[in-house]
Amino acid sequence: MAIPLPLISNASTTTPAKGDGIYVAAMPLRASKGPAQIVMSLTYSLNLWDLQHYMVIIKPNSPQPQSQAFVFDFQLQDPENINVAISALSGRRVPGAILVRKLAKLPNKKCWFVGYSSIDSLSRANKFNEIWETDLRIGLHDCRDYTNDLVECLTGEKQVLERLRGSLDAFEEV
């Protein structure tokens, strides 16, 4: 589902020295403690692409060397509730939540630079979040769709996860 915000041209060629840095990061899917959590951690460590959780990180262009980055993330509202997880895995709509958090520094694993944005990325991402439908449906409207659509909104690049998946060897992790 594309979000109807005006897109910008591919900002990675417009103002690379002045724009906000846009990154995509992956992390293990969260699960309740016990066997489910072990399985999720194992799939992450084995690099099973479709069984990871994706998010967008914005690193604002700032003259301060220790400026913070911001994570924009779409996930289950209650990721550790086994009943919600079962419903989600069976293809049902479940309540999702958009999370925005600060990071002191970029992750050093499973984090890829995807381009620059020549707009006020934080403001644009917050507007994007205001209109993003929060009912989550795995495979149809989940963290992958959120990541792809938010990156497109910020940089103009469509389907960034497919590019990353197809050329993972060509990307250096941050």
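1. Arg 163 is a convenient place to start: at a relative accessible area of 29%, this residue is partly exposed. Its side chain joins that of Glu 157 in a salt bridge, 2.4 Å from N to O. Glu 157 is buried, with a relative accessible area of 14%. The two classes follow because buried means under 20% relative accessible area, while partly exposed covers values from there up to 50%. The model is a predicted one, and the remarks below should be read on that footing.

2. How many salt bridges are there? The count comes to four. One of them is between the side chains of Asp 73 and Arg 101, at 3.0 Å from N to O. This pair links distant parts of the chain: Asp 73 belongs to strand E3 (residues 69-76) and Arg 101 to strand E4 (residues 94-103), and the two are 28 residues apart.

3. Is Asp 73 buried or exposed? With a relative accessibility of 1%, Asp 73 counts as buried. Its partner Arg 101 has a relative accessible area of 31% and is partly exposed. In general terms, side chains of opposite charge can pair when their charged atoms come close.

4. Another salt bridge is formed by Asp 142 and Arg 144, whose closest N and O atoms are 2.6 Å apart. Asp 142 has a relative accessibility of 4%, so this residue counts as buried.

5. On the aromatic side, the count comes to seven pairs. One of these is Phe 113 with Tyr 116: the ring centres are 4.9 Å apart and the planes stand at 65°, so the pair is edge-to-face. The cut-off behind that label is an angle over 60 degrees. Phe 113, at 30% relative accessibility, counts as partly exposed. Tyr 116 also counts as partly exposed, at 26%.

6. Phe 128 and Tyr 146 form an edge-to-face pair as well, with 5.5 Å from centre to centre and 65° between the planes. Phe 128 lies in helix H3 (residues 121-131) and Tyr 146 in helix H4 (residues 143-155), so the pair ties together parts that are 18 residues apart in sequence. Phe 128 has 0% relative accessibility and counts as buried. Tyr 146 is likewise buried, at 0%. Both rings belong to a cluster in which ring pairs link Phe 74, Phe 128, Trp 132 and Tyr 146.

7. Which residues touch the most other members of the largest nonpolar core? They are Val 24 and Leu 150, in a core of 28 residues. At least two residues of this core come from each of strand E1 (20-28), strand E2 (52-59), E3, helix H2 (82-89), strand E5 (111-117), H3, H4 and helix H5 (160-166). The largest share, six residues, is supplied by H4. As a general background, nonpolar side chains tend to be buried together in soluble globular proteins.

8. Val 24 deserves a separate look. Setting aside neighbours within four places in sequence, Val 24 is in contact with Tyr 54, Met 55, Lys 110, Cys 111, Trp 112, Val 114, Thr 147, Val 151, Val 160, Leu 161 and Leu 164. Another core, of eight residues, lies apart from the largest one, and its members include Ala 25, Met 55, Leu 106 and Cys 111. Met 55 and Cys 111, named among the contacts of Val 24, are thus listed in that other core.

Definitions and conventions:
Residues numbered from 1 in each chain as written. Predicted model: local features only at pLDDT ≥ 70, side-chain atom pairs only at ≥ 80, totals over all residues. Heavy atoms only, no water. Helix = DSSP H or I, 4+ residues; strand = E, 2+ residues; numbered from the N terminus. Buried < 20%, exposed > 50% of the residue type's maximum accessible area, 1.4 Å probe, protein only. Phe/Tyr/Trp six-rings, centres within 6.5 Å; stacked < 30°, edge-to-face > 60°. Core = buried A, V, L, I, M, F, W, Y, C linked by side-chain atoms within 4.5 Å. Contact = heavy atoms within 4.5 Å.
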